[in-house]
Amino acid sequence: MYAVRYELIKECKQSGARLGRLHTPHGIIETPIFMPVGTQATVKSMTPEELKEIGSQIILSNTYHLYMRPGHELIKKAGGLHEFMQWDKPILTDSGGFQVFSLGPLRKITEEGVEFRSHLDGSRHTITPEKAVEIQTALGSDIMMAFDECAPYPADRDYVKKSLERTTRWLQRCKDAHKNTENQALFGIVQGGMYKDLREQSAREITAIDLPGYAIGGLSVGEPKDIMYDILGHTVQFLPEDKPRYLMGVGSPDDLLEGVIRGVDMFDCVLPTRIARNGTAMTSQGKVVVRNATYAEDFSPLDPECDCYTCRNYTKAYIRHLIKANEILGARLLTIHNLRFLLKLMENVRIAIHEDRLLDFKEEFFKKYYKK
Ligand code: GUN
Ligand code: ZN
């Protein structure tokens, strides 16, 4: 038995989007779902209670960061990541591959794994597929991700082919190293860059290894949106229908809707929390750069349609003041709002799938979102 099981409830007759449930050791997740990112064992500035209040069902954390600091052994001693951070719902951990690759000149890839220097103190480390599984086992996440290579964009075909084939071998090594299958699920990651035949090859190789879920990696790495949607649509057809599909690192409202319509069930992105901290809100009327002078005397909420704590209590003028004055409450209030906005969007997406009208929903949503 797998630790995680996907249950397909229905497909939207209008769009083909999937409504489902993901059963995990820490509870059931309704899909499609957006996962807030908590890189360092915290969704920046948010307590677990606040995350629950806005409807978070699962959060994501990062192997690389927690391995570097405070260390997976320490978190294991604390009783695992759930206990350490006091979050009792599901956690997905990314494998560290992606974060290590973004270290640029500080790293070297071999068949064995990736050698790199710490971004904190310059010390030398190697993460291998076995090490990534060991770290994620110590963290105790419900879903651990395979150690993969996300090829850069652009990259030439020969390189992408070699890289995806190595990613398949790394997945087999992850699976062989993964023993705690009753309590933790391992997801494989499809790569293949922007080459359709290589995406097919990767999807076939990755899904030939039996696992409880599969992700699509290597997208939203700088390619134009139309290429991303084209590659995504092409890749999804090679994934099994009875397993969850996770599109990694993607989370603008457009990408969420386009992804769901192509059959994706899970998403994560730092976008809502990152732009919150520099003073931008995502609202039903589009982006609001609350920093702007336009809002200096705007005593209305960020989003008149939002039910979050921030919108029920505070004005744009006040939040603008906090952001301008560099007060931490400003970042907190915007983070609460932006996450609620995306989680609410996904709630509405699930209702629209249930009612077979996701394409109508998308049109109405974007009419307002891009009005200006
Ligand atoms: N996050 C965003 N894209 C990727 C990817 O391709 N691989 C991994 N491991 N994480 C990601
Ligand atoms: Zn709000």
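The following exchange asks how the pockets of this predicted model are named and described.

This is a predicted model, in which local features need pLDDT of at least 70 and side-chain atom pairs count only at pLDDT 80 or more, while totals for chains, interfaces and linings use all residues. Residues are numbered from 1 along each chain as its sequence is written, and side-chain values use heavy atoms, with hydrogens and water left out.

Me: What makes a residue count as lining the largest pocket?

Reply: A pocket is an open set of points, on a 1 Å grid over the protein atoms alone, where a 1.4 Å probe fits and protein lies on both sides within 12 Å along at least five of seven lines, so a residue counts as lining when it has an atom within 4 Å of a point. Of the 32 residues that line the largest pocket, those closest to its centre are Asn62, Phe98, Gln99, Val270 and Arg274.

Me: How do you know what volume the largest pocket has?

Reply: The volume is the space filled by probe spheres set on the points, which are joined across faces, edges and corners; for the largest pocket this comes to about 740 Å³, and for the second largest pocket to about 290 Å³.

Me: What makes the lining residues of the second largest pocket nonpolar, polar or charged?

Reply: Ala, Val, Leu, Ile, Met, Phe, Trp, Tyr, Cys and Pro count as nonpolar, Asp, Glu, Lys and Arg as charged, and the others, Gly among them, as polar. On that basis the second largest pocket is lined by 5 nonpolar, 2 polar and 7 charged residues, whereas the lining of the largest pocket has 13 nonpolar, 13 polar and 6 charged.

Definitions and conventions: Chains lettered and ligands numbered in written order.
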